[in-house]
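Good morning, and thank you for joining this group meeting. I would ask you to keep the structure in view while I speak.

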Amino acid sequence: MLYSQIAGQEEVKTSLIKSINDNQVSHCYIFEGPKGMGKYDLALVFAQSLLCQNFTSDPCNECSGCIKVNTGNHPDLHIVNNDEMTIKRDTIDEIIESIYKKPYESDKKVYIIKDAHAMTPQAANTFLKTLEEPPGDSVVILLTYNSNLLLPTIVSRCQIVKFRNVNKEVIKAYLKENYDTPDEIADLAAEYSKGILNRAVNIVEGNDNILNRRSEIIQLFDRIINSDSEIIYELENYFEENKDTIDVIIEILMMWIRDITFVKNNLDALVINKDFKQLAMAHSKLMKIESDSNDLIEVLQSTSDNIKSYVNYKLAIDNMLLKIQEVFK
């Protein structure tokens with residue numbers, strides 16, 4: 001593996017490479033960021049870099065250390081919690097026993113712990129004792145989407161590495177180069193991925209059906225604004241059946257309303273759903289002149305927030321649909 005094979009996170013990669021070359025590697029890192037940001041992939045490349053016998057700015061991929069990492073057979077690389085389940089004290093006890101042993105082949109041992117926030121309180125407290133007197137030949141990398149879910153005393157003893165959303169242009173280039181993705185699909189995947197590379201990959205590979213949902217929701221929006229208020233009651237079953245994915249529905253609705261606004265203001269280049277541009281033009285003509293789309297988007301965001309706060313789901317949805325009709329009638 002190479003650092004260049006991981007899209008984005010340039011500052012993180014530069015910092016990790018420099019730490020190795022300057023012999024300033026920390027004993028414990030926290031890689032923090034949303035799922036799908038490439039934390040595990042970068043942790044693997046960093047681990048391989050530490051175990052490579054000829055490292056400069058990339059693992060050489062030729063030495064015995066690199067070959068064993070690439071085939072998943074290096075005795076000094078330990079992947080913990082592959083199933084991403086609760087991490088119990090027994091697992092941490094095994095890690096600690098291993099940490100205090102000498103490396104088998106390399107100068108260092110590397111431990112990558114997935115979903116580190118899944119440690120039970122007993123496991124976390126046991127792990128903390130290791131960080132209080134860490135052995136110099138071990139490097140631990142904790143992966144989490146939120147470091148606040150870890151014990152503060154663990155966080156204080158680690159170097160936090162924050163993963164940022166990947167630039168849309170970087171995602172588009174990556175999809176076109178690595179997956180031969182057509183421009184239009186690459187554009188859509190980059191927009192709907194929200195800067196999360198793995199989500200963009202899942203979209204183009206068909207493992208994330210958000211583009212199909214997009215068509216469904218845009219057509220639903222068309223029905224809502226071209227019907228009277230009775231449509232709200234007709235759609236009750238639909239929204240109840242799709243309660244678990246309401247965030248996705250609201251996200252698509254907000255992006256569609258932005259597209260309508262861009263078309264209305266002759267900003268066609270900013271339209272995301274370009275394949276639905278004619279429909280966006282038709283919808284823009286139905287939008288009241290005095291209406292502010294930002295106000296409507298705020299209503300949709302508040303609906304999402306209210307639902308998470310356990311506000312009456314049906315009431316929140318009904319109010320949202322009524323507001324949409326008010327703006328487009």
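I begin with a single residue: L267 is partly exposed, because its relative accessible area is 38%. On this scale, buried means under 20% relative accessible area, exposed means over 50%, and partly exposed is in between, with a 1.4 Å probe and protein chains only. L267 is located in the loop between α13 (246-264) and α14 (277-286). Helices (H or I, at least four residues) and strands (E, at least two) are DSSP runs, numbered from the N terminus. L267 lies 212 residues from F55 in sequence, and the two are 49 Å apart in space, C-alpha to C-alpha.

A word on the source: this is a predicted model, in which local features need pLDDT of at least 70 and side-chain atom pairs count only at pLDDT 80 or more, while totals for chains, interfaces and linings use all residues. Residues are numbered from 1 along each chain as its sequence is written, and side-chain values use heavy atoms, with hydrogens and water left out.

Let us now take the chain as a whole. Its secondary structure consists of 16 helices and five strands. Along the principal axes, the C-alpha atoms fill a box of roughly 75 × 40 × 30 Å. The chain has 329 residues, of which 49% count as buried. Contact means heavy atoms within 4.5 Å. Among contacts in the chain with a separation of 6 or more, 72% are between residues 24 or more positions apart.

I turn next to how helices pack. For what follows, axes are lines fitted to C-alpha atoms, for helices over the stretch in contact, and angles run from 0 to 180 degrees between N-to-C directions. Angles under 35 degrees count as roughly parallel, over 145 as roughly antiparallel, 65 to 115 as roughly perpendicular, and the rest as oblique. A crossing is left-handed if the near helix is turned anticlockwise from the far one by less than a right angle, and right-handed if clockwise.

At what angle do α1 and helix α2 (residues 39-51) pack? The angle is about 15 degrees, and the axes are 11 Å apart. The two helices, α1 and α2, are therefore roughly parallel to each other. Their crossing, that of α1 and α2, is right-handed. On the α1 side the contact involves V12, K13, L16, S19 and I20, and on the α2 side L42, F46, S49 and L50.

The second pair is helix α8 (residues 183-192) and helix α9 (residues 197-204), whose axes come within 8 Å and cross at roughly 140 degrees. That angle makes α8 oblique to α9. The crossing of α8 and α9 is again described as right-handed. Here I185, A189 and Y192 of α8 meet R199, A200, I203 and V204 of α9.

My next topic is charge. A salt bridge is a side-chain nitrogen of Lys or Arg within 4 Å of a carboxyl oxygen of Asp or Glu. How many salt bridges does a search of the whole structure find? The search finds 21.

One of them returns us to α1: K13 bridges to E10, with the closest N and O atoms 3.1 Å apart. Both K13 and E10 belong to helix α1 (residues 10-21) and are three residues apart, about one turn of the helix. K13 counts as buried because its relative accessibility is 5%, whereas E10, at 48%, counts as partly exposed.

In another salt bridge, the side chains of K172 and E169 meet at 2.9 Å, N to O. K172 and E169 are separated by about one helical turn because they are three residues apart in helix α7 (residues 168-179). K172 has 16% relative accessibility, so this residue counts as buried. E169 and K172 are also linked with D187 in a network of salt bridges.

A further salt bridge joins K314 and E236, whose closest N and O atoms are 3.2 Å apart. This pair links distant parts of the chain, with K314 in helix α16 (residues 313-327) and E236 in helix α12 (residues 236-241), 78 residues apart. K314 is partly exposed at 41% relative accessibility, and E236 is partly exposed at 28%.

I close with S26, in the loop between α1 and β1 (28-32). Is S26 buried or exposed? S26 counts as buried, because its relative accessibility is 19%. Leaving aside residues up to four places away in sequence, S26 touches V139 and Q159.
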